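Colleague: I should be grateful for a close look at a single part of this model, namely the place where the two chains meet. Please set out which elements take part and how the copies are arranged.

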2 protein chains.
Amino acid sequence: MQNTATSDGRRLRGDESRRAVLRLAVDRASLTGLDGLTIGGLASELGVSKSNVATLFGSKLELQLATIEAARAIFIDTVTTPALARPRGLQRLIALIELWLDYSEGRVFAGGCFFRAVGADAASKDDAARDRLAQIDAEWLAFVTRAVREAGAELPGLSGGTDAAEVLAFEIGSMLEAANSMSLLHRTSRGYALARSSIRERLIALGAPPDITLSPGSAAPLSKAE
Amino acid sequence: MQNTATSDGRRLRGDESRRAVLRLAVDRASLTGLDGLTIGGLASELGVSKSNVATLFGSKLELQLATIEAARAIFIDTVTTPALARPRGLQRLIALIELWLDYSEGRVFAGGCFFRAVGADAASKDDAARDRLAQIDAEWLAFVTRAVREAGAELPGLSGGTDAAEVLAFEIGSMLEAANSMSLLHRTSRGYALARSSIRERLIALGAPPDITLSPGSAAPLSKAE
């Protein structure tokens, strides 16, 4: 029993340390990219020894991969899970858009959307981190496309063509990303206002009720309650 | 005369070296971000001594700023100048979109659009490089907005509201950027096809003639001839 307890205690402290390192790592990576992450740098910011952190993550690539998974888990908790809690259809699609904009604007990660922040540099690599980021991006595009498709009955203007949902998902995703990068570079909220206005007009043009709104924070209370 | 000639010769060699360093620097920065640029790294890739390059650029920030200006000059030559050579109005707007997509897809910079590639990391800084990138981005948004406004008479569906041109410019810019990042991360041309199809449909919905086309390379011959 003593041995088990000690072993559990050690694992627990190991898990807690891992979480503390990764919570810092996702923020750092969102500011500087994955290449900016170093075991020594994180250890020094946390005030622990480099060997402490090195024990948790064997290599820089392992640290990068764990950071990506930690960011994905936060994204899922913040955006996709609350959206899935909404009724399928236009309501869920609108909630998804609001949740994403709130996630970016609320700086869940210090550098805005984690995946946009690390994607630019990682795209030119040929390693497991890049492959994983491409998978996660494909997963996200498929998620938005599914949400659009499920709202199809409430968007009669959306053509029945096989590509129509993918095209609208691409448009929505593009505007979300552009709002994120515009706010980071110009340090204003203008991009968010433009994205909200554009996407709303687009949905109304496709037949959504003209009284739909896309407003900051409007998706949050329900997602918090759930 | 001898002195002058020598002095001119030296300056010429200096200018040529500067150009060679910057041509490499814009490609490197488009792959790794501005932080990845080092005087030593560029010297070693060019097979010259570090002091050779250090003489041309006093500091890392000076190198970064010169790299940004070199990239801006290439962008202007490749995208905005050829677009300005087209007749003002819808023709110019369409040429601008085609030229931008060709610029990204043709990898004028090894890492796709230079400004998207370096923007993510630079946005979180507080230095002259960041400020300059924000200025250049504002310049680009204003350029697209003006092109949209000048096409207004041919886009009767574009509302006369003060924001309408800015909103459409934001939508077009968003899709161009998304096509660029999708192609870099997924290494397919799907994003370009989606952007061409989306923007074309959007312009037609606003009243552009239904036979307008947005196709790869279609803007190139005229811009080359000029």
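Modeller: The following account begins with the single chain, proceeds to the interface, and ends with the helix packing around it.

The model is a predicted one. Chain A contains 10 helices and zero strands, and from the N terminus on its elements follow the order α-α-α-α-α-α-α-α-α-α. Along the principal axes, the C-alpha atoms of chain A occupy a box of roughly 65 × 40 × 35 Å. Of the 226 residues in chain A, 41% are buried. Among the contacts in chain A with a separation of 6 or more, 64% join residues 24 or more positions apart.

As to the interface, the contact draws 29 residues from chain A and 29 residues from chain B. On the side of chain A that touches chain B, the elements giving two or more residues are α1 (2-32), α6, α7 (128-150), α8 (164-186) and α9 (190-205) of chain A. The most is given by α8(A), with 12 residues. By class, that side of chain A comprises 13 nonpolar, 11 polar and five charged residues.

The arrangement of the copies may be taken next. In general, two copies of a chain are related by a rotation about an axis and a shift along it. Here, a rotation of 180° with 0.0 Å of shift along its axis brings chain A onto chain B, with an RMSD of 0.0 Å. The two copies are therefore related as by a two-fold rotation axis. In chain A, A:S174 has the C-alpha nearest the axis, at 2.6 Å from it. Both copies use the same surface, since 100% of the contact residues of chain A recur in chain B.

Within this interface, the packing of α6 on its counterpart deserves a detailed description. Two packed helices are described by the angle between their axes and the distance between the axes. For helix α6 (residues 114-122) of chain A and helix α6 (residues 114-122) of chain B, the axes come within 9 Å and cross at roughly 130°. At that angle, α6(A) is therefore oblique to α6(B). The crossing in which α6(A) passes α6(B) is left-handed. From α6(A), the contact involves A:R116, A:A117, A:A120 and A:D121, and from α6(B) it involves B:R116, B:A117, B:A120 and B:D121. These residues divide into four nonpolar, no polar and four charged.

The helix α6(B) also packs within its own chain. Its axis and that of helix α7 (residues 128-150) of chain B come within 10 Å and cross at roughly 135°, so α6(B) and α7(B) are oblique to each other. This crossing of α6(B) and α7(B) is likewise left-handed. The residues of α6(B) in the contact are B:F115, B:V118, B:G119 and B:A122, while α7(B) supplies B:A129, B:R130, B:L133, B:I136 and B:D137. By class, the contact of α6(B) with α7(B) has six nonpolar, one polar and two charged residues.

One further residue of chain B may be noted. B:P82 lies in helix α4 (residues 60-84) of chain B. B:P82 counts as buried because 24 C-beta neighbours lie inside 10 Å. Between the C-alpha atoms of B:P82 and B:G41, which are 41 residues apart along the chain, the separation is 34 Å.

Technical notes
Residues are numbered from 1 along each chain as its sequence is written. Chains are lettered from A and ligands numbered from 1 in the order in which they are written. This is a predicted model: local features need pLDDT of at least 70, side-chain atom pairs count only at pLDDT 80 or more; totals for chains, interfaces and linings use all residues. Axes are lines fitted to C-alpha atoms, for helices over the stretch in contact, and angles run from 0 to 180 degrees between N-to-C directions. Helices (H or I, at least four residues) and strands (E, at least two) are DSSP runs, numbered from the N terminus. Angles under 35 degrees count as roughly parallel, over 145 as roughly antiparallel, 65 to 115 as roughly perpendicular and the rest as oblique. A crossing is left-handed if the near helix is turned anticlockwise from the far one by less than a right angle, and right-handed if clockwise. Two residues are in contact if their C-beta atoms, placed from the backbone, lie within 7 Å. Ala, Val, Leu, Ile, Met, Phe, Trp, Tyr, Cys and Pro count as nonpolar, Asp, Glu, Lys and Arg as charged, and the others, Gly among them, as polar. A residue is buried if 20 or more other C-beta atoms lie within 10 Å of its own, exposed if 12 or fewer, and partly exposed in between; C-beta atoms are placed from the backbone. Copies are superposed by least squares on the C-alpha atoms of residues with pLDDT of at least 70 in both.
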